Structures are given as C-alpha cells and as structure tokens.
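Student: I've got a model loaded and I'd like to talk it through with you. Could we go piece by piece, with the reasoning spelled out?

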Amino acid sequence: RESRMRVKELVAKEIIDAGNMRDDGANGSFVRTRGHMIVDTSLDIHGSALSFLLSRAKAPIPRASGSGRDRGGRLGTAPLRRYIDGIIQRQALSVLCKYGGAPMTRKECSDANKIATDAINKITNLRSSKKASEDFSNKGNNNITKRKKALRSLESHFASFDREKRRIVSALSTGVKNQVVISGLGILVQCKGVKGTLKSGDRILVMVTKLNAEKGLIEVELAQR
C-alpha cells in the first residue's frame, strides 16, 4: 500500500502544477501531509490487530479478493464505504464481544467475499469505461488546451536539436496498463513496445514516435527501462 501511495503522489506531482496541488484529491491532485500519514498508520494498526484477534479466535474472516495483507489490504477500516468492511466488523463484534448474534460460518464468509469481489469488479469496469470516455476532455490540468501547450513546448525542444537524433524523454510509470506520464510536461500517454508490464513508479526513457501538438497527439515507445 505504501508503495502505491508513493507512486500516486509522484504521478500527481508530475501532472499538477505545484501551486494547484491540494491535499483533498481534487482534480487529480494527491499529496500526503503528516496528518494523512498518522491516520494511515493508525488504520494499518487497527486492521492488523483485528486480523490477529480473529485469527487467534480461529474465526473465518470475510475478505474481498485482492485485499489480503500481502497487498497491504486493510481489515474493517471503512464500513460506511465498503460493504465487506461492515461485514468484517459484524464478525469481530460477534466473535470478540459476543454481540449481534452468532458468528458467520465459513460458507457465509465465502458468500460475502463473492458479493464484495463482484461489486469491486463492476466498479473497476465502470471506472475504466468512464476514464476512457474522459480522455482528452476538459478535466483538471490534463485538458486538451494545456496538453497542446505542453506538446508545443516539446516540439520546440526537439526542433532545437538535430532531427536525425532519436527523440528520447524521461517518463514515470503510473502502474496502470503501461501508462506513463512524461516528466516535466505532465502528459499521460500509453507506452508501446513493452514486453510484459511496467512496474508502478518506474523511471524510464521513452522515444517519441509521433507528435502533433495541434491535434494533441503523442505516441511513445519504450527506449530504456
């Protein structure tokens, strides 16, 4: 989880102007203050303690797929936002405090896991569809006007060098489907020519293979990892 949060903050710093960076996540900004880190640590401790107590009581633990401790998943920290967390807290009250009825069986926990996983998959698919439809839209600092301005700046940079030279720039992997953000420009683009998947947070070199500032178009391929 810490690695994912660190990369998210790095990507936001590349995309959002420093003067527009906020700590509430508005318009794609993302920055963690000491207060955020204290809350994060407190929730980690809560989830770890809850997992330990339920495991010691040999009680089944409802979990959504992909939310295990190996991925930094938390346990029962957001019952108002996540269905599975409410179920986990109900199980904890029943097992540890003898409150709220009989503990859930393994079958009931498995059914809850399936419901939560199906919901997460549907939400993920919906977000992916929404993101695809918003590409090149007027949203935050990645709107088409600012994108064209950044690409014109890149065209001018390349024009000052020998055209025969390869057009190499640095980029940061976002960890999402080989998407990268061009360093210094804050432009998000899909990186081609990748065998496998780029690791989240990787600093890489990419070669610009197509560039048309007036159309807001840029294509890149991996040059060096």
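Student: Which residues of helix 2 are buried?

Tutor: Keep in mind that we're looking at a predicted model. For a residue to count as buried, its relative accessible area has to be under 20%. Helix 3 (83-97) is part of what covers the buried residues of helix 2. The buried residues themselves are Asp-40, Gly-47, Leu-50, Ser-51 and Leu-54.

Student: How far apart are the end C-alpha atoms of helix 2, and what span should we expect?

Tutor: Helix 2 covers residues 34-56, which is 23 residues. At 1.5 Å a residue, these should span 33 Å. The model agrees with that, because the end C-alpha atoms are also apart by 33 Å.

Student: Leu-53 sits in helix 2 too. Is Leu-53 buried, partly exposed or exposed?

Tutor: Buried stops at 20% and exposed starts over 50%. Leu-53 has a relative accessibility of 30%, so it counts as partly exposed.

Student: Which residues make the nonpolar surface patch, and what is its area?

Tutor: Leu-53, which we just placed in helix 2, is one of its members. Phe-52 and Leu-96 complete the patch. Its area is about 250 Å².

Student: What is phi of Lys-58, and where does that residue sit?

Tutor: Lys-58 comes just after helix 2, in the loop between helix 2 and helix 3. Its relative accessible area of 71% is over the 50% cut-off, so Lys-58 is exposed. Phi is positive here although the residue is not a glycine, with a value near 55°.

Student: What about Lys-98: what is its phi?

Tutor: Lys-98 is in the loop between helix 3 and helix 4 (106-134). With a relative accessible area of 70%, Lys-98 is exposed. Again we have a positive phi in a non-glycine residue, and the value is near 55°.

Student: Now salt bridges. How many does a search of the whole structure find?

Tutor: The test is a side-chain nitrogen of Lys or Arg within 4 Å of a carboxyl oxygen of Asp or Glu. One pair that passes is Lys-114 with Asp-118, at 3.1 Å between the closest N and O atoms. Searching the whole structure gives eight.

Student: Which parts of the chain does the Asp-44 and Arg-74 pair tie together?

Tutor: Their side chains meet in a salt bridge, at 2.9 Å from N to O. The two residues are 30 apart in sequence, so the pair ties together helix 2, which holds Asp-44, and the loop between helix 2 and helix 3, which holds Arg-74.

Student: Of those two, which one is buried?

Tutor: Asp-44 has 37% relative accessibility, so it counts as partly exposed. The other partner is at 14%, which falls under the 20% cut-off. The buried one is therefore Arg-74.

Student: And how far apart in helix 4 are Lys-114 and Asp-118?

Tutor: Lys-114, at 53% relative accessibility, counts as exposed. Asp-118, at 33%, counts as partly exposed. The two are four residues apart in helix 4, which means a separation of about one helical turn.

Student: Which strands does the salt bridge between Lys-192 and Glu-219 link?

Tutor: The closest N and O atoms of Lys-192 and Glu-219 are 3.1 Å apart. The residues are 27 apart along the chain, so this pair links distant parts: strand 3 (residues 187-192) and strand 5 (residues 217-224).

Student: Which residues are joined into one network by salt bridges that share partners?

Tutor: We already have one link, the salt bridge between Asp-44 and Arg-74. Sharing partners brings in another residue from helix 2, one that is on the list of buried residues there. The network is Asp-40, Asp-44 and Arg-74.

Student: Stepping back, what pattern does the protein follow along the sequence?

Tutor: There are five helices and five strands. Of the contacts between residues at least 6 apart in sequence, 57% join residues at least 24 apart. Read along the sequence, the pattern is α-α-α-α-α-β-β-β-β-β.

Note on methods:
Residues numbered from 1 in each chain as written. Predicted model: local features only at pLDDT ≥ 70, side-chain atom pairs only at ≥ 80, totals over all residues. Heavy atoms only, no water. Expected span 1.5 Å × (residues − 1). Buried < 20%, exposed > 50% of the residue type's maximum accessible area, 1.4 Å probe, protein only. Contact = heavy atoms within 4.5 Å. Patch = residues over 30% accessible without salt bridge, like charges linked within 9 Å, V, L, I, M, F, W, Y side chains within 5 Å. Areas by Shrake-Rupley, 256 points an atom, 1.4 Å probe, with all protein chains shown as cover.
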